[in-house]
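I set out to look up a handful of residues in this model, one after another, and to note down for each where it sits and how far it is covered. The entries below follow the order in which I looked.

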Amino acid sequence: MNTIAVRLPEKLVNQASRYANVNLRTIPKQIEYWATLGRCAEDNPDLPLSFIKECLLAKEEVQQGDVTSFEFKDEK
């Protein structure tokens, strides 16, 4: 993955630092997480943020192979 340096306001970095500490992330990963949520929210303005977060979590679970098959019950 290529990286570049980006200037950000000190206030944003300080806020990211607090959230990063609570969520056990680095500051860059916290900002990346916020950017991902923001991009998803803009692409899907009708979806609640909580739903977007759950979708991102589900996507990560699939990528890590943490899935089980669902069997529909036959209700005859």
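**Entries on single residues and patches**

I began with glutamate 61, which I record as partly exposed because its relative accessible area is 32%, a value in the range between under 20% for buried and over 50% for exposed. I keep in mind throughout that the model is predicted. Glutamate 61 is found in helix H3, and I noted that Glu61 gathers with Glu54, Glu60 and Asp66 in a patch of negative charge on the surface.

I stayed with helix H3, which covers residues 49–63, and turned to isoleucine 52, whose place is in that helix. Is isoleucine 52 buried or exposed? I enter it as buried, since its relative accessible area is 5% and the cut-off for buried is under 20%. I then asked which residues isoleucine 52 is in contact with, once its neighbours within four places in sequence are left aside. I found Leu37, Cys40, Ala41, Asn44 and Leu47 on that list. As a distance check I also took lysine 11, which is 41 residues from isoleucine 52 along the chain, and the C-alpha atoms of the two are separated by 26 Å.

Next I went to the loop between helix H1 (10–23) and helix H2 (27–43), where leucine 24 has its place. I count leucine 24 as exposed because its relative accessibility is 79%. I looked up its backbone as well, and phi of leucine 24 is near 55°, a positive value in a residue other than glycine. I marked this for a second look because most residues other than glycine have a negative phi.

In helix H2 I looked up proline 28, which is found there. Proline 28 is exposed, with a relative accessible area of 56%. For a second distance I paired proline 28 with aspartate 46, 18 residues apart along the chain, and their C-alpha atoms are separated by 28 Å.

My last stop was the segment before H1, in which valine 6 lies. I enter valine 6 as exposed because its relative accessible area is 56%, and the cut-off for exposed is over 50%. What kind of surface patch does Val6 make with Ile4 and Leu8? I recorded a nonpolar patch of about 310 Å², made by Ile4, Val6 and Leu8.

Note on methods. Residues numbered from 1 in each chain as written. Predicted model: local features only at pLDDT ≥ 70, side-chain atom pairs only at ≥ 80, totals over all residues. Heavy atoms only, no water. Helix = DSSP H or I, 4+ residues; strand = E, 2+ residues; numbered from the N terminus. Buried < 20%, exposed > 50% of the residue type's maximum accessible area, 1.4 Å probe, protein only. Contact = heavy atoms within 4.5 Å. Patch = residues over 30% accessible without salt bridge, like charges linked within 9 Å, V, L, I, M, F, W, Y side chains within 5 Å. Areas by Shrake-Rupley, 256 points an atom, 1.4 Å probe, with all protein chains shown as cover. Salt bridge = Lys/Arg side-chain N within 4 Å of Asp/Glu carboxyl O. Lys, Arg positive; Asp, Glu negative; His and termini not counted. Charge placed at Lys NZ, Arg CZ, Asp CG, Glu CD.
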